[in-house]
Amino acid sequence: MQQIPHTYQTLYSELAQRSLDAAFSTEFNIGGRFVTAEVKGRRYWYLDLPSPDGGKTRRYVGPVDDPDITRRVENFKDLKADIKERRKLVSTLVREAYLPRPERKTGDIIQALAEAGFFRLRGVLVGTVAYQCYPAVLGVRLPSTSMVTGDADFAQFHSISTAVDDKMPPVLDTLRQVDPTFREIPHQADGRFTTQYSSRSGYRVEFLTPNTGSADYEGHPTTMPALGGASAQPLRFLDFLIYEPIRAVLLHGAGVPVNVPSPERYAIHKLIIASRRRTDSDGTAKSRKDKMQAATIMEAMIEQRQSDDLADAFMEAYVMEAYGRGAAWKEAIRKTLSQIDHGTRETVLPALARAIRKLERDPSEFHLEDVAAAPKP
């Protein structure tokens, strides 16, 4: 894999910082006042704004123990939007560093949801659009063939959606600012709820949430108080994916700050779901894409000497059955690893074994030898 020159990695870091600062300064009215409040033993920042009736409205900002958010609260009055200069940075990173940018409609949709507060409310961008952020995050160029997508997926923990005591404006109104043909798709199990939105051209936006309970919940939508009228589709394994996301910048417009899964969790999650796809042509194609993305990120992390992070996520997912999550995670990971390109296996498995030993565990606990001995796919 080709490394991204350090100069451009530095430019990306600068863009990330300035985009986050600009989003913060434009999203929160200068006439407001920041206050802290304790919720379930943890302190959070809120912005109190005067309302026309003489009262006040309160907006959720983020955890007090998040140093980036607290710094921006402290420097709020000094933050300035710098759109023109940030557009130049985005252009440079795309044109000279060959970093991927989303196609325009995808970028416009994510930007609209960002401005509506989705990421401020601790939502996470998932799927292939999130994968487009990883070349800059990892500092290497990833194959563009696995970045093509026709939809955008967004996730949030239900517990967060109920705890933040704030909400986005109506999602449908936000999407129609980008494309007036967007419409709600009534959920099949209960038409009163909507987890998906579709435009006339077939572009799909879907909201997801983890299902950590009974499989019976998977067929039913979950209400999400923070998501502006949208519900969410419960999915298995999603809690592992979106736990402790990272901040990144989508290279669209002047840079769109987003939350995405950590690359190691993204890769391991793809190992899990690749073997669980349907066996029809659509499911098979998605499974191939899952395997390619998982293998690419794992190789990139090993090359960038981030094997410890990868191994830590691998071990966490592999032993989930010890926490009542069943053996499905373990079997899915082993099956997909045995099916990825043999050359990739020869790179990934020894590196995982070394990192596992470094983390003071025995690689034999994770049956890497069995996977290594699997026949070539």
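The following questions and answers concern a predicted model of a protein.

Q: How many helices and strands are there in the protein?
A: This predicted model has 377 residues, of which 54% count as buried. The count of its secondary structure elements is 15 helices and twelve strands.

Q: Among contacts between residues at least 6 apart in sequence, what percentage join residues at least 24 apart?
A: Contact here means heavy atoms within 4.5 Å. Among contacts between residues at least 6 apart in sequence, the share that joins residues at least 24 apart is 67%.

Q: What percentage of the area that the protein exposes do carbon and sulfur atoms supply?
A: The protein exposes about 17,700 Å². Of this area, the part supplied by carbon and sulfur atoms is 48%.

Q: Which elements give two or more residues to the lining of the largest cavity?
A: The structure holds one cavity of 30 Å³ or more. The lining of the largest cavity includes P135, A136, V249 and L250. The elements that give two or more residues to that lining are α6 (134-138) and β11 (246-250).

Q: How many residues of the lining of the largest cavity are charged?
A: Rolling a probe the size of a water molecule over the atoms shows where empty space is left. About 60 Å³ of such space lies in the largest cavity. Its lining divides into nine nonpolar residues and one polar residue, and the number of charged residues is none.

Q: What distance does helix α1 reach from its first C-alpha to its last?
A: Helix α1 covers residues 6-27, 22 residues in total. At 1.5 Å a residue, a span of 32 Å is expected. The distance from the first C-alpha to the last is close to that, at 31 Å.

Q: Which buried residue of α1 also lines the largest cavity?
A: The buried residues of α1 include L11, Y12 and L15. The lining of the largest cavity includes L99, P100 and a residue of that buried set. That residue is Y12.

Q: How far apart are the end C-alpha atoms of helix α13?
A: Helix α13 (residues 328-339) has twelve residues, which should span 16 Å at 1.5 Å a residue. Its buried residues include W329, I333 and L337. The distance between its end C-alpha atoms agrees with the expected span, at 17 Å.

Q: Where does K40, a residue with positive phi, lie?
A: Most residues other than glycine have a negative phi. Phi of K40, however, is near 50°. K40 is exposed, with a relative accessible area of 79%. Its place is the loop between β1 (33-39) and β2 (42-50).

Q: What is the phi of E360?
A: E360 lies in the loop between α14 and α15 (368-372). Because its relative accessible area is 71%, above the cut-off of 50%, E360 counts as exposed. Although E360 is not a glycine, its phi is positive, at about 65°.

Q: What distance separates the C-alpha atoms of K358 and D308?
A: K358 lies in helix α14 (residues 342-358) and is exposed, with a relative accessible area of 61%. K358 and D308 are 50 residues apart along the chain. The separation of their C-alpha atoms is 7.8 Å.

Q: Is R183 buried, partly exposed or exposed?
A: R183 is found in strand β6 (residues 183-186). Leaving aside neighbours within four places in sequence, its contacts include L172, R176 and Y197. Its relative accessible area is 46%, which lies between 20% and 50%, so R183 is partly exposed.

Notes:
Residues are numbered from 1 along each chain as its sequence is written. This is a predicted model: local features need pLDDT of at least 70, side-chain atom pairs count only at pLDDT 80 or more; totals for chains, interfaces and linings use all residues. Side-chain values use heavy atoms; hydrogens and water are left out. On a 1 Å grid over the protein atoms alone, a cavity is a set of points where a 1.4 Å probe fits but cannot get out, and a pocket is an open set with protein on both sides within 12 Å along at least five of seven lines; lining residues have an atom within 4 Å of a point. Grid points are joined across faces, edges and corners, and a volume is the space filled by probe spheres set on the points. Helices (H or I, at least four residues) and strands (E, at least two) are DSSP runs, numbered from the N terminus. Ala, Val, Leu, Ile, Met, Phe, Trp, Tyr, Cys and Pro count as nonpolar, Asp, Glu, Lys and Arg as charged, and the others, Gly among them, as polar. Buried means under 20% relative accessible area, exposed over 50%, partly exposed in between (1.4 Å probe, protein chains only). Accessible areas come from the Shrake-Rupley method with a 1.4 Å probe; for residues, only the protein chains shown count as cover. The expected span of a helix is 1.5 Å times one less than its number of residues.
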